[in-house]
Amino acid sequence: MSKLLKLYPTFVVGASLLPLVAGAQTPQTLSDIIQKISGTLQTIIGVLFVLATVIFLWGVIKFVASAGDETARSKAKGIMTWGIIGLAVMAATWAVVNILVNYFVGTDAGIPRGPRQ
């Protein structure tokens, strides 16, 4: 039974990636390849944005909950700092992907832009 439990995470990851492989079409041009990579990166970046936001909010909750304990407050400040760093890194990554796709493909390839003037 323990061998089955050890193989379970591998099975879950493999099964979740199977539709991506099975439904894949052969890209015809470099633009198609870049757009596929861009779409994948945008999905990953979105998930990491959510993760960084959850980490930041968890730090805020711990900070508020530990009103009397100074060591717990400093740990919560560290969690909030790492959450903000994660959000900044994800924003920079999103910007770099957007710039590269615009340069190589010449269109926005469905990548959302920031507010315009």
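Which backbone oxygen lies 2.8 Å from a polar atom of the side chain of Ser66? Select Ser66 and Lys62 to see the pair: the backbone oxygen of Lys62 is the partner. A polar contact here is a pair of N or O atoms within 3.5 Å; within protein, one must be able to donate a hydrogen and the other to accept it, and residues adjacent in sequence count only if both atoms are side-chain atoms.

**Before moving on**

This is a predicted model, in which local features need pLDDT of at least 70, side-chain atom pairs count only at pLDDT 80 or more, and totals for chains, interfaces and linings use all residues. Residues are numbered from 1 along each chain as its sequence is written, and side-chain values use heavy atoms, with hydrogens and water left out.

**The whole chain**

Colour the chain by confidence. pLDDT is the predictor's confidence in each residue, from 0 to 100. The chain average is 75, and 63% of the residues score at least 70. Helix 1, residues 2-22, has the lowest confidence, with a mean of 60. Helix 3, residues 70-104, has the highest, at 86.

Now switch to a cartoon view. There are three helices and zero strands. From the N terminus on, the order is α-α-α. Helices (H or I, at least four residues) and strands (E, at least two) are DSSP runs, numbered from the N terminus.

Next, colour by accessibility. Of the 117 residues in the chain, 14% are buried. Buried means under 20% relative accessible area, exposed over 50%, and partly exposed in between (1.4 Å probe, protein chains only). Contact means heavy atoms within 4.5 Å. Among contacts between residues at least 6 apart in sequence, 52% join residues at least 24 apart.

**The loop at Ser66**

Return to Ser66. This residue sits in the loop between helix 2 and helix 3. Is Ser66 buried or exposed? Ser66 counts as buried because its relative accessibility is 10%. Leaving aside neighbours within four places in sequence, Ser66 is in contact with Ala72 and Arg73.

Step back to Ala65, in helix 2. Ala65 has a relative accessible area of 67%, so it is exposed. Add Ala76, eleven residues away along the chain: the two C-alpha atoms are separated by 9.6 Å.

**Along helix 3**

Select residues 70-104, helix 3. The expected span of a helix is 1.5 Å times one less than its number of residues. For the 35 residues of helix 3 that gives 51 Å, and the end C-alpha atoms are 51 Å apart, which agrees. The buried residues of helix 3 are Ala76, Met80, Gly83, Met90, Val97, Asn98 and Val101.

Stop at Gly83, in helix 3. Gly83 counts as buried because its relative accessibility is 1%. Leaving aside neighbours within four places in sequence, Gly83 is in contact with Ala52, Ile55 and Phe56. Trp58 is 25 residues from Gly83 in sequence, and 9.0 Å away in space, C-alpha to C-alpha.

Go on to Gly86, also found in helix 3. Gly86 counts as partly exposed, at 21% relative accessibility. Gly86 and Phe56 lie 30 residues apart in sequence and 8.9 Å apart in space, C-alpha to C-alpha.

Then pick Thr93, another residue in helix 3. Thr93 is partly exposed, at 30% relative accessibility. Measure across to Gln42: 9.4 Å, C-alpha to C-alpha, with their positions 51 residues apart in sequence.

**The core**

Which residues form the largest nonpolar core? Select Ile34, Ile45, Met90, Val97 and Val101, five residues in total. Helix 2 (30-65) and helix 3 are the elements that give two or more residues to this core. Helix 3 gives the largest share, three residues. A nonpolar core is a set of buried Ala, Val, Leu, Ile, Met, Phe, Trp, Tyr and Cys residues joined through side-chain atoms within 4.5 Å.

Focus on Met90. Leaving aside neighbours within four places in sequence, Met90 is in contact with Ile45, Leu48 and Phe49.

**An annotation to overlay**

Finally, highlight residues 39-61 and 82-105. An unreviewed UniProt entry annotates both as "transmembrane region". UniProt positions are given in the numbering used here, feature names are shortened, and annotations may be inferred rather than shown by experiment. Over residues 39-61, the chain is 100% helix and 0% strand. The end C-alpha atoms of residues 39-61 are 33 Å apart.
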